[in-house]
Amino acid sequence: MSRVGNNPIPIPNEVTITQDKNCLSVNGPLGKQSLDLLEGIGVEIKDSILYVIKDSDNGSKELRAKHGLSRALIANMITGVSKGFEKHLEIVGIGYRATQENKSVVFQLGYSHPINFEPPEGITIEVPQPTKILVKGVNKQEVGQVAANIRSLRPPEPYKGKGIRYKDEYIRRKAGKAGKK
């Protein structure tokens, strides 16, 4: 059985946490995030260490799951406002590239038209090279979702490996047609 919920969360010096009833707010140098605590879950702060506590010791299976989930969400919020999250994407294929125009990114992915991608508020996209994309933000879930949306514009195909992939993603290759004998 996992004990994720019992692990303490260290709070960096530049991060401040305030609790108003069931709403937990985390402020840091990169931004602000808030979370509505689930029923039966509480928070206790001692000596710049945050502990997520549940109402009863045994509790139901659902409460134990909520305990670990709440701890992970709060830890991600603290990491997000202090360090931030980022996802690296690579574009593979001849003629495939991306260019930055203000906040949006324009993709040339082998279609008959360019694709203009506008990031949502709170997410920044950088294009250091025409074949490299960096998605940054404070919210881990939003960063991952935007990276997945960009990848879905042209997912990597298994024959030549062309498309948009995550930096360390392995694409299993297929052999293709067998030659004539």
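Analyst: Let's start with two terms: a residue counts as buried when its relative accessible area is under 20%, and a salt bridge needs a side-chain nitrogen of Lys or Arg within 4 Å of a carboxyl oxygen of Asp or Glu. Keep in mind that this is a predicted model.

User: Why is R71 said to have no salt bridge?

Analyst: The nearest side chain of opposite charge is E44, and that's 14 Å away. The cut-off is 4 Å, so R71 doesn't qualify. R71 is buried all the same.

User: Where does R71 sit, and what is it in contact with?

Analyst: R71 belongs to helix 1, residues 61–82. Skipping neighbours within four places in sequence, R71 is in contact with V4, G5, N7, P8, I9 and V52. Contact here means heavy atoms within 4.5 Å.

User: I9 is on that list. What is the bridge partner of I9 in strand 6?

Analyst: That's L50. Strand 1 (residues 9–10) and strand 6 (residues 49–54) run antiparallel. How do we know they pair? Pairing takes at least two bridges, and these strands have two, so they meet the rule.

User: What makes strand 5 and strand 6 a pair?

Analyst: Six bridges join them in the antiparallel sense, and the rule asks for at least two, so they pair. One example is E44, whose bridge partner in strand 6 is Y51. These strands form a hairpin with two residues between them, and D47 takes a positive phi near 50° there.

User: And what about strand 8 and strand 9?

Analyst: Strand 8 (residues 97–101) and strand 9 (residues 104–108) pair antiparallel over five bridges. In strand 9, Q108 is the bridge partner of R97. They also form a hairpin with two residues between the strands, where N102 in the turn has a positive phi of about 55°.

User: Why are strand 2 and strand 4 said to stand at the edges of their sheet?

Analyst: The sheet is open, with three strands in the order 2-3-4 and antiparallel pairing. Strand 2 (16–20) and strand 4 (31–36) each have a single partner strand, so one side of each is left without a neighbour in the sheet. From one strand to the next, the twist averages 15°.

User: How many bridges join strand 2 to strand 3, and what packs on the sheet?

Analyst: Five bridges join strand 2 to strand 3 (residues 23–28), and C23 in strand 3 is the bridge partner of D20. Helix 1 packs on the sheet, touching strand 2, strand 3 and strand 4. The direction of helix 1 makes about 170° with that of strand 4. On a scale from 0 to 180 degrees between N-to-C directions, that means they point in nearly opposite directions.

Terms used. Residues numbered from 1 in each chain as written. Predicted model: local features only at pLDDT ≥ 70, side-chain atom pairs only at ≥ 80, totals over all residues. Heavy atoms only, no water. Helix = DSSP H or I, 4+ residues; strand = E, 2+ residues; numbered from the N terminus. Buried < 20%, exposed > 50% of the residue type's maximum accessible area, 1.4 Å probe, protein only. Lys, Arg positive; Asp, Glu negative; His and termini not counted.
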